[in-house]
Amino acid sequence: VQLQASGGGLVQPGGSLSLSCAASGSIFAVSGMNWYRQAPGKQRELVAGINRWGSTNYADSAKGRFTISRDNAKNTMYLQMNSLKPEDTAVYYCNAAVRSSGSFSYNDYWGRGTRVTVSS
């Protein structure tokens with residue numbers, strides 16, 4: 001099982017960016033999916049999460065600006081980020097609990113991360 005995050009880049013303050021995270025491999029089911037981020041010199045923090053049924057949760061810093069969604073048929077998660085601020089600059093990582101084909105338990109997987117830079 002692999003998670004591949006994409007969509008990062010350089011954007012000006014106030015701009016928007018959309019991230020994607022696709023899970024691939026021998027997958028039976030995907031449970032909770034999350035976006036984390038890690039800014040330089042800081043600890044990794046949860047940005048947003050979404051369960052299999054679409055219930056979401058957000059960090060206070062993301063509420064009202066970021067929207068997390070997923071397509072269960074594609075095992076893909078998205079993060080739409082609007083009104084970006086310089087403090088949103090970080091490497092964004094996707095995380096998911098995945099049950100592999102032939103397995104009876106869920107394991108935690110992480111993508112490699114995609115860099116988001118908000119700067120003028």
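In the predicted model, a salt bridge joins the side chains of Asp 88 and Arg 65, with an N to O distance of 2.7 Å. The two residues belong to distant parts of the chain, 23 residues apart: Asp 88 is placed in the loop between S8 and S9, and Arg 65 in the loop between strand S6 (56-58) and S7. Asp 88 has a relative accessibility of 0% and therefore counts as buried. Arg 65, at 11% relative accessibility, likewise counts as buried, the limit for this class being under 20%.

Asp 88 also meets the side chain of Arg 37 in a salt bridge, at 2.9 Å from N to O. Because Asp 88 lies in the loop between strand S8 (76-81) and strand S9 (90-100), while Arg 37 lies in strand S4 (residues 27-38), this pair ties together parts that are 51 residues apart in sequence. Both partners are buried, and for Arg 37 the relative accessible area is 6%. A further salt bridge connects Arg 37 with Glu 45, whose closest N and O atoms are 2.7 Å apart. Glu 45 is partly exposed, at 36% relative accessibility. Arg 37, Glu 45, Arg 65 and Asp 88 are thus linked in a network of salt bridges. The count of salt bridges in the model comes to four. Side chains of opposite charge can pair when their charged atoms come close.

The strand arrangement was examined next. Four strands form an open sheet in the order S1-S3-S8-S7, and their pairing is antiparallel. S1 and strand S7 (66-71) occupy the edges; each has a single partner strand, so one side of each is left without a neighbour in the sheet. From one strand to the next, the twist averages 15°. Within this sheet, five bridges connect S1 and S3 in the antiparallel sense. Along this pair, Gln 2 stands opposite Ser 24 in S3, and Ser 6 stands opposite Ser 20, also in S3.

The two faces of S1 differ in their covering: Leu 3 and Ala 5 make up the covered face, whereas Gln 2, Gln 4 and Ser 6 make up the uncovered one. In a regular strand the side chains alternate between the two faces of the sheet.

At the edge strand S7, Asp 71 is one of the residues of the strand. With a relative accessible area of 23%, Asp 71 is partly exposed. Asp 71 is separated from Ala 22 by 49 residues in sequence, yet their C-alpha atoms are 9.5 Å apart in space.

An alternating arrangement is also found in strand S11 (residues 114-118). Here Thr 114, Val 116 and Val 118 point to one face and are buried, while Arg 115 and Thr 117 point to the other and are not. S11 pairs with strand S2 (residues 9-11) in the parallel sense, over three bridges, and Gly 9 stands opposite Val 116 of S11. S11 is also joined to S9 by three bridges, and these two strands run antiparallel. Tyr 92 has Thr 114 in S11 as its bridge partner. Two of the buried residues of S11, Thr 114 and Val 116, therefore stand opposite residues of neighbouring strands, as set out above.The largest pocket of the model has a volume of about 160 Å³. Its lining consists of Val 1, Gln 2, Leu 3, Gln 4, Ala 22, Ser 24, Tyr 109, Trp 110 and Arg 112. Strand S1 (2-6), strand S3 (17-24) and strand S10 (106-110) each contribute at least two residues to this lining. The largest share, three residues, comes from S1. By class, the lining comprises five nonpolar, three polar and one charged residues. Gln 2 and Ser 24, which both line the pocket, face one another across the pairing of S1 with S3.

Methods
Residues are numbered from 1 along each chain as its sequence is written. This is a predicted model: local features need pLDDT of at least 70, side-chain atom pairs count only at pLDDT 80 or more; totals for chains, interfaces and linings use all residues. Side-chain values use heavy atoms; hydrogens and water are left out. On a 1 Å grid over the protein atoms alone, a cavity is a set of points where a 1.4 Å probe fits but cannot get out, and a pocket is an open set with protein on both sides within 12 Å along at least five of seven lines; lining residues have an atom within 4 Å of a point. Grid points are joined across faces, edges and corners, and a volume is the space filled by probe spheres set on the points. Ala, Val, Leu, Ile, Met, Phe, Trp, Tyr, Cys and Pro count as nonpolar, Asp, Glu, Lys and Arg as charged, and the others, Gly among them, as polar. Two strands pair if DSSP finds at least two bridges between them. Axes are lines fitted to C-alpha atoms, for helices over the stretch in contact, and angles run from 0 to 180 degrees between N-to-C directions. Buried means under 20% relative accessible area, exposed over 50%, partly exposed in between (1.4 Å probe, protein chains only).
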